[in-house]
Amino acid sequence: MRGIKILGTGTYMPDTVASNDWFSTILDTNDEWIYSRTGIRERRISEDKPNWYMAVEAANAAIKDSGIDPAEIDLVLAATCSPDYFYPALSCIVQNRTGASGAAAFDINSACTGFINALDTASRFLEDSDYRNVLIVASERLAPHCDYTDRSASILFGDGAGAAVITRNDKPMWSYLSAKGDFFSALWCKVDHSRSNCPLLKPDALPEGLLDTEAKTHTLQMNGKAVYKFAVDAMETAVHKVLERSGLGMEDIDLYIPHQANARIIESAVKALGLPQDKVYVNLEKHGNTSSACIPTCLAELRQAGKIQDGMTVCLVGFGAGLTSGAIVFNQ
Ligand code: ACO
């Protein structure tokens, strides 16, 4: 695959901090339970800023960091599973608000695996000489999706955005993408059509066994145990597969950036793979799970700290609703 080079990164985190102690004021839970089961202490909630605003802030920060003119961006990809609008695509709003006026734009929804799928897509576009620079933004406002009476799911998620401007690199890149639609019912959130005034509309008549749509139709529904088990296996498989494709060994990777869903998931996968802990970046203590925004937010933090340098080999690995998963190895 066409190699990629990160020219710039950016992130946006809302101001409002929802700590574990805050959750204990609205739910029967406490800091000790949440931290020991998830590794999360706090997450950000976007009280009044829509998803597109966070996406645009992160995208503009990434463009500034890259030093390129927005007019030089040929493609805008937005990864999100929590858009403000069915249409226009989030990527079109980002294109408008960043000045990337010559760029094509479309969205990718593979939930928490969104950034991985977007990076894979970007690499394939960069094979084409018409595409030189791609802006990828991953942005999620999950607070409106969460049911704040559900203590096992609502405590996991946070809002935020991360972005990267990438260009071609002569060094190779490898990718492994997977989807297991057999497990789609493990994590879902339904579109709320109940406000339609079409006189002909009735409640959906679905094939038996698809999804429970009778109650809680528009909040996130999760089978935590099923997702947990899937996640550990998926991370392990994705890393093995992408390394097999690359011909590289675990020791050839300088940095592993996993999706930040739960510290215990990351620890289990790290142990099963035998990865050195000091090469695995984890930031979920402060952000929780921001879905597709997790990985680019990690990239932005690492780049800002000078920890991603030219020549480094980086492995990104993620999983999410679908259930989807994937991993990418690239040489910066
Ligand atoms: N505080 C206190 N008690 C709680 C809480 C809480 N926040 N949440 C659940 N409990 C209780 C349960 O009610 C249950 O009580 P009971 O035994 O009296 O019935 C008990 O704790 C154990 O519940 P479990 O569900 O077995 O808890 P578990 O240790 O499995 O942890 C968790 C739950 C954290 C959700 C875990 O299953 C998990 O992390 N799963 C993966 C979820 C995930 O990563 N989702 C997102 C990934 S995909 C994506 O990113 C979109």
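Tutor: In this predicted model, a residue is called buried when its relative accessible area is under 20%, exposed when over 50%, and partly exposed in between.

Student: Is Asp-120 buried or exposed?

Tutor: The relative accessible area of Asp-120 is 4%. The cut-off for the lowest class is under 20%. Asp-120 is therefore classed as buried.

Student: With which residue does the side chain of Asp-120 meet in a salt bridge?

Tutor: Asp-120 lies in helix α5 (residues 114-126). Its partner is in that helix too, four residues apart, about one turn of the helix. The N to O distance of the salt bridge is 2.7 Å, and the partner is Arg-124.

Student: How many residues apart in sequence are the parts tied together by Arg-151 and Asp-28?

Tutor: The side chains of Arg-151 and Asp-28 form a salt bridge at 3.7 Å, N to O. Arg-151 belongs to the loop between β6 (133-140) and β7 (160-169), while Asp-28 belongs to the loop between α1 (20-26) and α2 (31-38), so the pair ties together parts whose separation in sequence is 123 residues.

Student: Which class of accessibility does Arg-151 fall into?

Tutor: Arg-151 has a relative accessibility of 47%. Exposed requires over 50%, and buried requires under 20%. Arg-151 therefore counts as partly exposed.

Student: Where does the largest nonpolar core lie with respect to domain 1 and domain 2?

Tutor: The largest nonpolar core has 49 residues, and those with the most contacts inside it include Val-239, Leu-243 and Cys-315. Domain 1 (3-170) and domain 2 (174-184 + 219-331) both contribute residues, so this core lies between them.

Student: Which element gives the most to this core?

Tutor: The elements that supply two or more residues to the largest nonpolar core are α6 (224-246), α7 (263-273), β12 (313-320) and β13 (324-331). The one that gives the most, with ten residues, is α6.

Student: How many residues of domain 2 are in contact with domain 1?

Tutor: The centres of domain 1 and domain 2, taken over C-alpha atoms, are separated by 16 Å. On the side of domain 1, 50 residues take part in the contact. On the side of domain 2, the number is 40.

Student: What is the area of the nonpolar surface patch that includes Tyr-87?

Tutor: Tyr-87 lies in the loop between β4 (75-79) and α4 (90-98). Its relative accessible area is 68%, so Tyr-87 is exposed. Together with Phe-86 and Val-191, Tyr-87 makes a nonpolar surface patch of about 400 Å².

Note on methods: Residues numbered from 1 in each chain as written. Predicted model: local features only at pLDDT ≥ 70, side-chain atom pairs only at ≥ 80, totals over all residues. Heavy atoms only, no water. Patch = residues over 30% accessible without salt bridge, like charges linked within 9 Å, V, L, I, M, F, W, Y side chains within 5 Å. Areas by Shrake-Rupley, 256 points an atom, 1.4 Å probe, with all protein chains shown as cover. Salt bridge = Lys/Arg side-chain N within 4 Å of Asp/Glu carboxyl O. Buried < 20%, exposed > 50% of the residue type's maximum accessible area, 1.4 Å probe, protein only. Core = buried A, V, L, I, M, F, W, Y, C linked by side-chain atoms within 4.5 Å. Domains from an automatic or database assignment. Contact = heavy atoms within 4.5 Å.
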